[in-house]
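Got the viewer open and a hand on the mouse? Let's take a walk through this one, stop by stop.

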Amino acid sequence: MVATLILWSHALAALLFGALGLWALRRAEPGVPRKPLAAALALTALWALAVAGIGESDLVTKIAEGGRNLAWLGFMIVLHRRSGSERPPAAIGTVYGVVVVVILIALALHIVAVAAPDMTADVTRAALLLRMMVAVAALVLVQSLHSAIAAPGRTGMRPIVLALAAMWLVDINVLSVAWLTAGWPIELVAVRGLAMALIAAAIAAGLQRRGEWPMQLSRTVAYQSLSLVAIGLYFALLALATTALAAIGGDNARLLQTAFVFGSTAAILTLVSSPWLRAWIKVKLAKHFFRHRYDYRAEWLRFTETLGEPEGSAPLDERIVKALADLTDSSSGVLLVPQGEGLGVGAAWNVARDDLPATYGQDWPQAALDPALIVELDNEDAAAAIPPSIRTWEPAWVIVPLPHHSRLAGAIVLARPPVPRALDWEDFDLLKAAGRQLASYLAEERALEALAEAERFEEFNRRFAFIMHDIKNLVSQLTLVARNAERHADNPAFRADMVATLQDSAGRMNDMLARLSQHHRVRTEAPVAVPLAPLARRVAKARRAQHPVEVIVAGDPLAIADPAMLETLLGHLVQNAVEASAPDAPITIAVDAQAREARIEVIDRGAGMSPAFVRDKLFKPFVSSKPGGFGIGAFEAQKLAAEMGGRIEVESSEGKGSRFRVVLRAAGGAHGEVGRAA
């Protein structure tokens, strides 16, 4: 039953592939190489016919399988030659050529197995291992082909590419089971025949789609393919060596095989872990396989990823050096930044600061560094003008200036890579572009630092302006107290008020000194229910030695506020009223509550203000209607009221006085205050 299924399924596949070969040869599709495709389809048909007619184990069938694989690889090579890629065809041929060599070695082993029956088992297993390696490498190359046609407008050939992947995927499954079980899985072979018939149908669907196949061989796929081929060759060599040791080792064969496997594996791992070897392979592949040394997309993505690492990683200056060093595989680097008229070490990556001279770069004036010139220190002519201190760091290899507009943001000295080489035009172009980009990062960082410093100065100036306003108020208050003391010094009540005023003034001056400190932070306490009547009486009492102040209270209103902020706000308004009033004109503080609002009114009978001044200038900083006024009190009062969720309303008439009304949320009920001020 299984043998019959193998026969008819592979015969059907042979018929379909043969018909497709004739169709492809007669049908002209743009961008599709007809003859290589027809040859691949025809050899696939011959292989399927051989499986159906003479069996899987026959040497002719194995030769047909090798021819089929060679034909499909040749078809893919021709596509690469026609792709219009910037990469030379020789490089692509080399990648595929290694796989072709493995196919030929596997065929040779099958021939040896037929010629030397006593070695058939061992040689057949070695050949089977090589065939598995070919299938894996072919899958990797097909994946590269699929990526090349994944872009919009290039998907017409996707069914054919998927069919190729399916063909080699079926092979790797059959070969893997055969290797593991040391027998040929005839059930899987039967299923393979049906799968090949479906693959032929998929290729027919792909040929119905028109379109070009512009393709590129990516560096990653090239490296991976060669790595897989190297691994396969290693396993093939391992299999051949162990077979030979079994034949000549006698009683010590197993010991020799074990020693060889462990020794060769240790040697391979040692070589692979060597940074020098990896760098050498990368240089050789870039030199001989690709027209351009760099994969610019991959390099720039890595470059920007290094620069954009989140906070908490290395400082920006170190990341700048690392990003540039990664482009050339340099092992370390030093950032030189302007210091005075010369340069100094700003940051170092993979370099201990103690390993650098204390005056590294300081004997190099900034004016002597050409922002457009990259200096290769191994070039004696170019390095002639470099000061001795730069060359004292033995690994120094190249100096990359960082120009930003018309000035120099710094320079980076890179160490030699593990495999030294001379810089070419591509290196210079990439380093110049990267240098300009890094200079912009440095300039932005310096600008942010300058902005932060300016903000600190602005905050200090704003704080100092408030302090100066408070000092002016204290001076005015103490001046009036001193003037009134000449007339009322014998009055005990006046003396008590004067002592209270002096104590209050001393306390406020201490608070001002604390506010000037750079370590001072404004305390924002949780709002509480503040009784307004005691607060108003306390503020009035502190001013009575200076000016008559009366308090009118309706009920016992409570407001949701910060007690200290509210007292400061009220003090500003009362002081402004005092300064705007005649010495004998009393000031009134009225406290009441309406609906959900608590109100404090400061009423004076002074000069008053015009509607235009109230509308346009009253709450602007540094604008005042009083001679010598700072224009800060009303501005700060409005700011404090807003922070407590309230507002200030103003009514004023010229020659009649002003009424400042502070409106706050009333405590209780829906407001849900968290506490009550003592």
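One word to know before we set off: a residue is called buried when its relative accessible area is under 20%. Also keep in mind that you are looking at a predicted model.

**Stop 1: a strand on the inside**

Select residues 333–339, which is strand S1. Is it enclosed or open? Five of its seven residues are buried, so S1 is largely enclosed by the rest of the structure.

Now add residues 342–349, strand S2. S1 and S2 run antiparallel, and seven bridges join them. For one example, click proline 338 and then look across to leucine 343, its bridge partner in S2. The two strands make a hairpin, with two residues between them. Zoom in on the turn and pick glycine 340: its phi is positive, at about 65 degrees.

S1 has another partner to show you. Select residues 407–415, strand S5, and you'll see antiparallel pairing with S1 again, here over four bridges. Glycine 333 has leucine 414 of S5 as its bridge partner.

**Stop 2: serine 389**

Next, click serine 389, which sits in helix H13, residues 388–391. Its relative accessible area is 8%, so serine 389 counts as buried. What does it touch, leaving aside neighbours within four places in sequence? The answer is a run of residues to highlight together: Thr359, Tyr360, Gly361, Gln362 and Asp363. While you're here, try the distance tool on proline 357. Serine 389 and proline 357 are 32 residues apart in sequence, but their C-alpha atoms are 7.4 Å apart in space.

**Stop 3: a five-stranded sheet**

Time for a sheet. Colour strands S7, S9, S10, S12 and S11, and you'll have them in the order in which they line up in an open sheet with mixed pairing. At the edges are S7 (549–553) and S11 (647–653), each of which pairs on one side only. Tilt the view to look for the twist, which averages 15 degrees from one strand to the next.

Now bring up S10 with S12 (residues 657–665): they pair in the antiparallel sense over eight bridges. Click isoleucine 603 and you'll find arginine 659 of S12 standing opposite. As you look along a strand, remember that in a regular strand the side chains alternate between the two faces of the sheet.

Two helices lie across this sheet. Select residues 532–543 for helix H16, which lies across S7, S9 and S10 and runs at about 170 degrees to S7. Then select residues 563–580 for helix H17, which lies across S9, S10 and S12 at about 25 degrees to S10.

**Stop 4: arginine 599**

Stay with S10 (residues 597–604) and click arginine 599. Is this residue buried or exposed? Its relative accessibility is 14%, so it counts as buried. Show its contacts beyond four places in sequence, and you'll pick up several residues, among them Leu532, Asp592 and Arg661.

**Stop 5: two helices side by side**

Last one! Select residues 34–54 (helix H2) and 186–207 (helix H7). Their axes come within 12 Å and cross at roughly 160 degrees, which means that H2 is roughly antiparallel to H7. The crossing is left-handed. To see who touches whom, show Leu37, Leu41, Thr44, Trp47 and Val51 on H2, then Arg192, Met196, Ile203 and Leu207 on H7. Colour that contact by class and you get seven nonpolar residues, one polar and one charged.

Terms used. Residues numbered from 1 in each chain as written. Predicted model: local features only at pLDDT ≥ 70, side-chain atom pairs only at ≥ 80, totals over all residues. Heavy atoms only, no water. Axes fitted to C-alpha atoms, helices over the stretch in contact; angles between N-to-C directions. Parallel < 35°, antiparallel > 145°, perpendicular 65-115°, else oblique. Left-handed = near helix turned anticlockwise from the far one by under 90°. Contact = heavy atoms within 4.5 Å. Nonpolar A, V, L, I, M, F, W, Y, C, P; charged D, E, K, R; others polar. Buried < 20%, exposed > 50% of the residue type's maximum accessible area, 1.4 Å probe, protein only. Pairing = 2+ DSSP bridges.
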